[in-house]
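Biologist: Before the assignments are accepted, I should like to go through the terms one by one. Let us set each value against its definition.

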Amino acid sequence: MLVRRFLDGRQRWILESVCSIASGILLGVGAVYPSLWFFSLIGFTPLLVVVWHRRETPLRAFVVGYGAGFVGYGLSLYTQFWDTIPLPWFTNTSVFVEYAIVGLAWFLSVLIFSSGVGAFAFVARWLHTNSWRDIVLVSALWPLLDWASAWLFYIVNYDPQMLPGPHFAIGAFAYQIAGSITLVQAAWIGGLYALDSLMILSAALVARDIVRPYRRRQRIMLIIILLLSYCSVSFMVARTPSSHNADTRPLSRSEEHTSELQSRVDISYAVFCLK
């Protein structure tokens with residue numbers, strides 16, 4: 001296969017870089033353009049193709065994963081920070097200063113959360129077994145590290161007035177699944193982290209087929225099972241009375257929403273710029 005041959009070659013770093021950037025774009029583009037939410041379901045696929053390759057080392061996998069996380073969270077947190085300009089609580093300053101403050105808070109936040117994706121790639125490569133168990137492993141591993149990343153953000157930004165816990169998760173990739181009223185029902189099982197598992201599971205199934213192709217019968221059975229599962233959940237959602245009256249329109253960026261975002265940047269600014 002072309003991808004596997006390229007990864008075996010001396011210039012495999014080129015494909016690693018491309019997969020890292022592609023994975024980050026797929027993970028974060030739905031946060032900037034909500035109509036493209038479905039790309040998040042295969043966002044981890046390019047990264048896992050590299051991580052599961054036999055010649056990859058855990059340290060190299062960490063670098064590729066960190067790059068993917070930086071691009072992904074850079075997009076995912078983009079609107080959360082940059083839409084707050086102008087800053088109403090920062091008077092008598094130039095626009096340049098406001099951009100510098102928001103840019104610093106955004107950049108440092110992205111650096112922190114990217115470490116979770118890097119750690120995910122490192123552990124996934126380290127515990128790689130080249131079997132179906134890898135799919136189960138990453139499906140459990142990513143929700144755990146996503147949760148740990150939020151804790152890391154709290155620790156780095158610690159302040160006595162902050163609510164303890166992994167509460168800063170506004171840039172989580174799994175939120176994009178809310179674009180599908182069917183798939184978001186998985187949140188009933190375990191909230192955001194159940195959506196994390198669903199997202200990484202779909203990406204892992206595709207990546208597994210690229211690294212070690214399924215047999216034709218296995219592929220057909222897998223597609224049938226996924227379609228039946230999706231149709232079953234869609235049917236149950238359609239039968240639920242409350243779903244007919246639910247307002248599923250995307251939220252507009254109103255003044256209240258902008259004010260909320262500005263308060264988030266206020267927290268980041270207080271930590272990164274005043275500490």
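Modeller: A contact means heavy atoms within 4.5 Å. Among the contacts in the chain with a separation of 6 or more, 74% are between residues 24 or more positions apart. This is a predicted model, in which local features need pLDDT of at least 70 and side-chain atom pairs count only at pLDDT 80 or more, whereas totals for chains, interfaces and linings use all residues. Residues are numbered from 1 along each chain as its sequence is written, and side-chain values use heavy atoms, with hydrogens and water left out.

Biologist: What are the helices and strands of the chain?

Modeller: Helices (H or I, at least four residues) and strands (E, at least two) are DSSP runs, numbered from the N terminus. The chain has eleven helices and zero strands.

Biologist: Why is the pair of glutamate 16 and arginine 60 called a salt bridge?

Modeller: The term requires a side-chain nitrogen of Lys or Arg within 4 Å of a carboxyl oxygen of Asp or Glu. The N to O distance between the side chains of glutamate 16 and arginine 60 is 2.8 Å, so the pair satisfies the rule. Glutamate 16 lies in helix α2 (residues 12-32) and arginine 60 in helix α4 (residues 58-76), 44 residues apart, so the pair links distant parts of the chain. By this rule the count is one salt bridge.

Biologist: Is glutamate 16 buried or exposed?

Modeller: Buried means under 20% relative accessible area, exposed over 50%, and partly exposed in between (1.4 Å probe, protein chains only). Glutamate 16 is buried because its relative accessible area is 5%. Arginine 60, at 29%, therefore counts as partly exposed. Across the 275 residues in the chain, buried residues make up 42%.

Biologist: What makes glutamine 176 a buried residue, and where is it found?

Modeller: Its relative accessibility is 7%, so glutamine 176 counts as buried. Glutamine 176 is found in the loop between α7 (133-156) and α8 (187-211). Neighbours within four places in sequence aside, glutamine 176 is in contact with residues including Leu27, Trp37 and Ser40. The side chain of glutamine 176 reaches the backbone oxygen of leucine 27 at 2.6 Å.

Biologist: How do you know that isoleucine 225 is partly exposed?

Modeller: Isoleucine 225 has a relative accessible area of 46%, and therefore counts as partly exposed. The place of isoleucine 225 is in helix α9 (residues 216-239).

Terms used: Polar contact = N/O pair within 3.5 Å; in protein donor to acceptor, adjacent residues only side chain to side chain.
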